[in-house]
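Work through the exercises below with the sequence and the structure side by side, and try each task before reading its solution.

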Amino acid sequence: MLVLPKGVRHMPGYLSHAAQKEIVEAIRNVVRAAPLYTPAMPKSGKEMSVRMTNCGSLGWVTDKERGYRYQSTHPVNGEPWPPIPDLLLSLWREVSGYPHPPEACLVNFYSEMARMGLHQDRDEADLQAPVVSISLGDACLFRVGQTFRDGPTVSFRLESGDVVVLGGAGRLCFHGVDRIYPATSVLLPKGGRINLTLRRVTSPS
Ligand code: SIN
Ligand code: FE2
């Protein structure tokens, strides 16, 4: 048995196939209003291999000039982000153990070759709330480490319908995606992987 860092919870197969299909449909509508775009790293301007968008009152964005941040509008079309679909708000209520709703849902789309380097989610003012992550479509190799850089890491597969919660002592654990396993799911007709992360950004007053 794999031992995950304290506060990191992996719930394999949490979402039924029907629920996954409903979420994909809702995300298709989000992407129609807020198209996927290619984000760039702060300073270097190096493009990330994932494509991103958001829903919620705030969205996480990054670009060469202004770096990592949350903002209320899409960086390409300037429109407010569409709302977080109800299904995802219910999922947050079920698994977050946090009494306030999420404000941001980052949508990451991974093609076969995309990956994401080890990083912490630390641009949120409220670190009491967990980050809730949902995997849809092709499987990936997920890696999670400690709350400090270069600590030991564990790797495991995330399949479509899995939910991961990074909360409490695990809220700031480093994590990333080493690779996608192409053609391991039929959920998305053209393949690839969608990851959704629900986040509380501001501290409730
Ligand atoms: C992320 O850390 O934003 C994405 C994690 C994942 O794709 O599973
Ligand atoms: Fe992350």
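**Exercise 1.** Determine how β2 pairs with strand β5, and place β2 within its sheet.

*Solution.* In this predicted model, β2 and β5 (residues 104-110) pair in the antiparallel sense over six bridges, where pairing requires that DSSP finds at least two bridges between two strands, and strands are DSSP runs (E, at least two residues), just as helices are runs of H or I of at least four, all numbered from the N terminus. Within this pair, Met52 stands opposite Asn108 in β5. Next, follow the sheet outwards: six strands form an open, antiparallel sheet in the order β1-β10-β7-β12-β5-β2, and its edge strands, β1 (8-11) and β2 (51-56), each pair on one side only.

Local features need pLDDT of at least 70, side-chain atom pairs count only at pLDDT 80 or more, and totals for chains, interfaces and linings use all residues. Residues are numbered from 1 along each chain as its sequence is written, chains are lettered from A and ligands numbered from 1 in the order in which they are written, and side-chain values use heavy atoms, with hydrogens and water left out.

**Exercise 2.** Which residues of α2 are buried, and why do they lie on the same side of α2?

*Solution.* Leu88, Leu91, Trp92 and Val95 of α2 are buried (under 20% relative accessible area; exposed is over 50% and partly exposed in between, with a 1.4 Å probe and protein chains only). They lie on the same side of α2 because they cover an arc of only 100° around the axis, taken from the directions from the helix axis to the C-beta atoms. On the other side, Asp86, Arg93 and Glu94 are exposed. Finally, the buried residues pack against β1, α1, β5, β7, β10 and β12, contact meaning heavy atoms within 4.5 Å.
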